[in-house]
Amino acid sequence: MIQEDLHMPVGRWCTACAIVLTVGHVACGVVSDPAGEGATEILPVELPALEGMHPSVQMQLRDAHALAGRAANAAERSSAYGTLGTLLMAAEYLEAAEPSLRNARRLSPTEYQWTYYLAHLFKQRGELTRAVEYFELSH
């Protein structure tokens, strides 16, 4: 009888879980455009409290937020929302980053980096099923 190693490193467990979830979703035909991403409405993006952050970080976040609101066309707005979302992710404001990244994805649905960043956002929040769906969509 072969004894299995139940002390697999966490990274390998996460990879194994992601594979199982992906296979299960694909087999069931569940992988689709999640969370109503076909919607065209722009979600409100609120900046978190910026006090305590380095002034240059505050300025980057405020500038990106302002640009998203005034960009001239969909491609520029998408880029501005995406930049804002990635800055918020880097500062670990995941809740504030999500609507920004969703807006970027809605404005430029063929730009798959926004889907990829959303997948990482969900992974960071521990929402592995959603993360797998978005990783699948980002390819």
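Buried means under 20% relative accessible area, exposed over 50%, and partly exposed in between, using a 1.4 Å probe and protein chains only. This is a predicted model, in which local features need pLDDT of at least 70, side-chain atom pairs count only at pLDDT 80 or more, and totals for chains, interfaces and linings use all residues. Residues are numbered from 1 along each chain as its sequence is written, and side-chain values use heavy atoms, with hydrogens and water left out.

Q: Why is Tyr116 called partly exposed?
A: Its relative accessible area is 39%. Partly exposed lies between the under 20% of buried and the over 50% of exposed. Tyr116 therefore counts as partly exposed.

Q: What makes Phe135 count as partly exposed?
A: Phe135 has 21% relative accessibility. The buried class needs under 20%. So Phe135 counts as partly exposed.

Q: How many aromatic pairs are there by the ring rule?
A: The count comes to four. Rings of Phe, Tyr and Trp (its six-membered ring) pair if their centres lie within 6.5 Å; planes under 30 degrees apart count as stacked, over 60 as edge-to-face and the rest as tilted.

Q: Why is the pair of Tyr116 and Phe135 called edge-to-face?
A: The ring centres are 5.8 Å apart, and the limit for a pair is 6.5 Å. The planes stand at 70°, and edge-to-face requires over 60. So the pair is edge-to-face.

Q: Which parts of the chain does this pair link?
A: Distant ones: Tyr116 sits in helix 5 (residues 112-124) and Phe135 in helix 6 (residues 128-137), 19 residues apart. Helices are DSSP runs of H or I with at least four residues, strands are E runs of at least two, and both are numbered from the N terminus.

Q: Why is the pair of Phe122 and Tyr134 called tilted?
A: Their ring centres are 5.0 Å apart, with planes at 50°. That angle is neither under 30 degrees nor over 60, so the pair is tilted. Phe122 belongs to helix 5 and Tyr134 to helix 6, 12 residues apart.

Q: Are Phe122 and Tyr134 buried or exposed?
A: Phe122 has a relative accessible area of 0%, so Phe122 is buried. Tyr134 also has 0% and is buried.

Q: Which residues do ring pairs link into a cluster?
A: Trp114, Tyr116, Tyr117 and Phe135.

Q: How do you know that the span of helix 2 agrees with its length?
A: Helix 2 (residues 55-70) has 16 residues. The expected span is 1.5 Å times one less than the number of residues. That gives 22 Å, and the end C-alpha atoms are 23 Å apart, which agrees.

Q: Which residues of helix 2 are buried?
A: Gln58, Leu61, Ala64 and Ala68. Seen down the axis, they fall within an arc of 135°, so they line one face of the helix. The arc is that of the directions from the helix axis to the C-beta atoms. On the other side, Pro55, Met59 and Arg70 are exposed. The cover over the buried residues includes helix 3 (74-90).

Q: What makes Ser100 count as buried?
A: Ser100 has 0% relative accessibility, so Ser100 counts as buried. Its place is in helix 4 (residues 94-107).

Q: Which residues does Ser100 touch, not counting those up to four places away in sequence?
A: Val45, Tyr81, Gly82, Leu84 and Gly85. Contact means heavy atoms within 4.5 Å.
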